[in-house]
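Please load the model in a viewer and keep the selection panel open. The stops below proceed from the overall layout to individual residues.

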Amino acid sequence: MSKDQDRKTSETTSGGKHKPPIVLVDPACPYCGVVQDPSPKQREKCRDCGQVIYTYTDQEERKRYLLTAEQAEREAREQAFWMIDNARSLQRVAKELQSNESKSPESDLLLFSGQILAQPILLSLAIEIALKAWQCRERKGEPEKTHDLLELFNGLESSTQEILEAKMRKRSPHSVWAEEPSMQNLNSDQQDMWGARMHPLRDVLRSHCDAHTHWRFLYERPSAQFETSEIDRALTVIIEAYDERWSD
Ligand SMILES: [Zn+2]
């Protein structure tokens, strides 16, 4: 299966061709009990009581539920807890691989090339899941169905994007001095001229936005660059900020 076919089946035909259709369990508003017809497909206001109805889909059970804000918050918290934990685990494995990098092509060619291939796959998947965990909490519902890292970042609340960027600026050696007051007062062209990267996170996500598909199918397009340390830094920023904002 090619990249494009894979992307199509996993993203646009939510549920897939071979899975049974998703069934709405109860079409009644979870606040006032009045049946909603047509039933909400995503977050929308009840036509009777005006309260915001959230939806939750259980992909395994093939069932969809209408939820109150409180119920949706609970579901999102539980789901995102696993997601951020998975991102952390993948980052840990990637670090482990890096610590074994002493293998040379001469001593073990398969392991050597496997490590080069595996690290980008692990780290880009971890970033994708971590950004989706953020979206899950912010929306009290499902994240966007895309693997595009920049699209996921752009889907976050703008205040979150700025918090994450500020953290990245402080950590990234390429941009730490963009935080200096003298740089803040310049316009974006002048900032560029001085090499002050104001959006290091957006930049690294943009240059690796399709890493998920690219690195899994490297044989189709073998020229690829992956800035392991920048991506690892970005992942750390996203996870740390998540812990600060959502730990409960
Ligand atoms: Zn209602």
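Begin with the two domains of this predicted model: the C-alpha centres of domain 1 and domain 2 lie 33 Å apart. To colour them separately, select residues 20-67 for domain 1 and 68-246 for domain 2, as the domain assignment gives them. Where they meet, 9 residues of domain 1 are in contact with 8 residues of domain 2. On the domain 1 side of this contact, strand 3 (residues 52-58) contributes the most, with 5 residues. By class, that side has 6 nonpolar, 2 polar and 1 charged residues.

**The whole chain**

Now display the entire chain as a cartoon. The chain contains 10 helices and 4 strands, and along the sequence they follow the pattern α-β-β-β-β-α-α-α-α-α-α-α-α-α. The C-alpha trace spans about 65 × 50 × 30 Å along its principal axes. Of the 248 residues in the chain, 28% are buried. If contacts are drawn between residues at least 6 apart in sequence, 58% of them join residues at least 24 apart.

**The sheet**

Next, select the strands. The 4 strands form an open sheet in the order 1-4-3-2, with mixed pairing. Its edges are strand 1 (23-24) and strand 2 (44-45), each of which pairs on one side only. Strands of a sheet pair through backbone hydrogen bonds, in either the parallel or the antiparallel sense.

Start at strand 1. Strand 1 and strand 4 pair in the parallel sense over 2 bridges. Show Leu-24 here: its bridge partner in strand 4 is Arg-64.

Move on to strand 3 and strand 4 (residues 63-67), which run antiparallel and are joined by 5 bridges. Three facing positions can be labelled in turn:

- Tyr-54 stands opposite Leu-67 in strand 4.
- Tyr-56 stands opposite Tyr-65 in strand 4.
- Thr-57 stands opposite Arg-64 in strand 4.

Then follow the chain through the turn between these strands. Strand 3 and strand 4 form a hairpin with 4 residues between them, and Arg-62 in the turn has a positive phi of about 60°.

The remaining pairing is that of strand 2 with strand 3, which is antiparallel over 2 bridges. Select Glu-44 and Ile-53 together, since the former stands opposite the latter, which lies in strand 3. These two strands also form a hairpin, here with 6 residues between them. Pause at Gly-50 in its turn, where phi is positive at about 80°.

**The helix on the sheet**

Keep the strands visible and add helix 2 (residues 69-99). Helix 2 packs on the sheet and touches strand 3 and strand 4. The direction of helix 2 makes about 35° with that of strand 3.

**Helix 8 and its surroundings**

Turn now to helix 8 (residues 200-207), and show Pro-200, Leu-201, Val-204 and Leu-205, which are buried. Why do the buried residues of helix 8 line one face of the helix? Seen down the helix axis, they fall within an arc of 130°, so they line one face. To see what covers the buried residues of helix 8, add helix 4 (149-154), helix 5 (158-171) and helix 10 (228-246), which are among the covering elements.

**Met-168**

The last stop is Met-168, which lies in helix 5. Is Met-168 buried or exposed? Met-168 has 28 C-beta neighbours inside 10 Å and therefore counts as buried, the threshold being 20 or more. Leaving aside residues up to four places away in sequence, Met-168 touches Pro-200, Leu-201, Ala-234 and Val-237. Pro-200 and Leu-201 are among the buried residues of helix 8 seen at the previous stop. Finally, draw a C-alpha to C-alpha distance from Met-168 to Arg-233: these residues are 65 residues apart in sequence and 7.6 Å apart in space.

Note on methods. Residues numbered from 1 in each chain as written. Predicted model: local features only at pLDDT ≥ 70, side-chain atom pairs only at ≥ 80, totals over all residues. Domains from an automatic or database assignment. Contact = placed C-beta atoms within 7 Å. Nonpolar A, V, L, I, M, F, W, Y, C, P; charged D, E, K, R; others polar. Buried ≥ 20, exposed ≤ 12 C-beta atoms within 10 Å, placed from the backbone. Arc of directions from axis to C-beta. Pairing = 2+ DSSP bridges. Axes fitted to C-alpha atoms, helices over the stretch in contact; angles between N-to-C directions.
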